[in-house]
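Biologist: Could you please take me through this model? I would like to begin with its interior.

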Amino acid sequence: MILERGSAINTSELRQRLSKLDEEHKAQLSADDIVEFVDLMQVYEGAMCEISTKLEVLDSEFQVQFSHNPIHHMERRLKSPNSLIGKIERRELPISVDSVRDHIFDVAGVRVICNYRDDVYSVSRYLSDQSDIQVLRVKDYIRNPKQNGYRSLHIIYAVPVFLTSGPHYTPVEVQFRTIAMDYWASLEHQLRYKSDLPDARLAEHSQTLLDCARSLQNIEVQMQSIHRDISGSPQEQESDDERLEHLRSAGQEKSNYPAN
């Protein structure tokens with residue numbers, strides 16, 4: 001069963017958040033800018049819904065075909081106005097709706113928590129192969145974990161959102177990971193961003209988490225092997241290089257990413 005932890009965008013709340021920006025940032029956003037920003041966020045919300053629906057359909061088909069749900073649950077989020085402005089400033093871009101639209105590709109995010117590594121690559125491959133979406137960027141931190149032990153598959157898709165004005169191709173970042181990867185990442189994030197431990201203690205816990213990441217990877221391999229023996233669901237057959245190339249090339253035969 002998919003547990004949806006997202007909620008539809010609240011335009012009134014979004015307007016209130018924008019009105020509470022500090023004076024320096026508010027001075028750079030006109031009333032028309034705020035209206036356009038709210039409209040843009042609604043398009044990103046629609047893009048998340050499109051991706052979520054596609055994933056739900058894939059999950060249901062797996063259950064029918066293989067008696068197995070590859071997706072444990074999904075989460076989704078839109079970046080807050082403060083987070084977006086912070087990212088724009090770090091990139092030294094003008095604070096404008098155009099900067100968001102043209103340069104920020106993770107405004108909308110969907111996290112897909114799968115049961116096994118095979119599920120991660122099966123679901124991401126079937127989604128990437130769909131004819132109406134495009135793969136813009138692939139970062140495989142499962143094959144190449146970050147230095148701190150973080151593992152996840154990040155793919156940015158361009159998905160059409162059909163409005164009264166026509167289709168608007170909109171980027172959505174989708175993070176695919178297993179339950180174990182998500183469990184580890186949540187604790188690491190809490191340690192890194194939500195703790196005030198002294199440096200020595202922080203370094204000690206960081207090393208322990210790195211050791212745990214390696215142990216979890218070994219455990220996942222063993223559990224995946226057992227699951228393969230008892231399940232008829234699709235298995236990961238490609239080599240790491242072949243799989244990464246497949247994901248990267250999935251959208252190349254489709255039309256180029258059009259502007260909104």
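Biologist: Which residues have the most contacts inside the largest nonpolar core?
Modeller: They are Leu55, Val110, Val112, Tyr157 and Phe176, in a core of 41 residues. A nonpolar core here is a set of buried Ala, Val, Leu, Ile, Met, Phe, Trp, Tyr and Cys residues joined through side-chain atoms within 4.5 Å; buried means under 20% relative accessible area, with a 1.4 Å probe and protein chains only.

Biologist: Which helix gives the most to this core?
Modeller: Helix H3, residues 31-66, with ten residues. Helices are DSSP runs of H or I of at least four residues, strands are E runs of at least two, and both are numbered from the N terminus.

Biologist: Is there a caveat on the source?
Modeller: This is a predicted model, in which local features need pLDDT of at least 70 and side-chain atom pairs count only at pLDDT 80 or more, whereas totals for chains, interfaces and linings use all residues. Residues are numbered from 1 along each chain as its sequence is written, and side-chain values use heavy atoms, with hydrogens and water left out.

Biologist: Turning to the sheet, what is the strand order?
Modeller: The order is E1-E2-E5-E4-E3, an open sheet of five strands with mixed pairing. Two strands pair if DSSP finds at least two bridges between them. E1 (71-78) and E3 (134-140) are the edge strands, each pairing on one side only.

Biologist: How many bridges join E5 to E2, and how many to E4?
Modeller: Six bridges join E2 (residues 108-114) to E5, running parallel, and Val112 stands opposite Phe176 there. Eleven bridges join E4 (residues 153-163) to E5 in the antiparallel sense, and a hairpin connects E4 to E5 through two residues.

Biologist: And how many residues of E5 are buried?
Modeller: Twelve of the 13 residues in E5 (residues 166-178) are buried, so the strand is mostly covered.

Biologist: Which strands does H6 touch?
Modeller: H6 packs on the sheet and touches E1, E2, E3, E4 and E5, where contact means heavy atoms within 4.5 Å. The direction of H6 makes about 35 degrees with that of E4; axes are lines fitted to C-alpha atoms, for helices over the stretch in contact, and angles run from 0 to 180 degrees between N-to-C directions.

Biologist: Asp119 lies in H6; why does Asp119 count as buried?
Modeller: Asp119 counts as buried because its relative accessibility is 1%. Leaving aside neighbours within four places in sequence, Asp119 is in contact with His68, Pro70 and Cys114.

Technical notes: Buried < 20%, exposed > 50% of the residue type's maximum accessible area, 1.4 Å probe, protein only.
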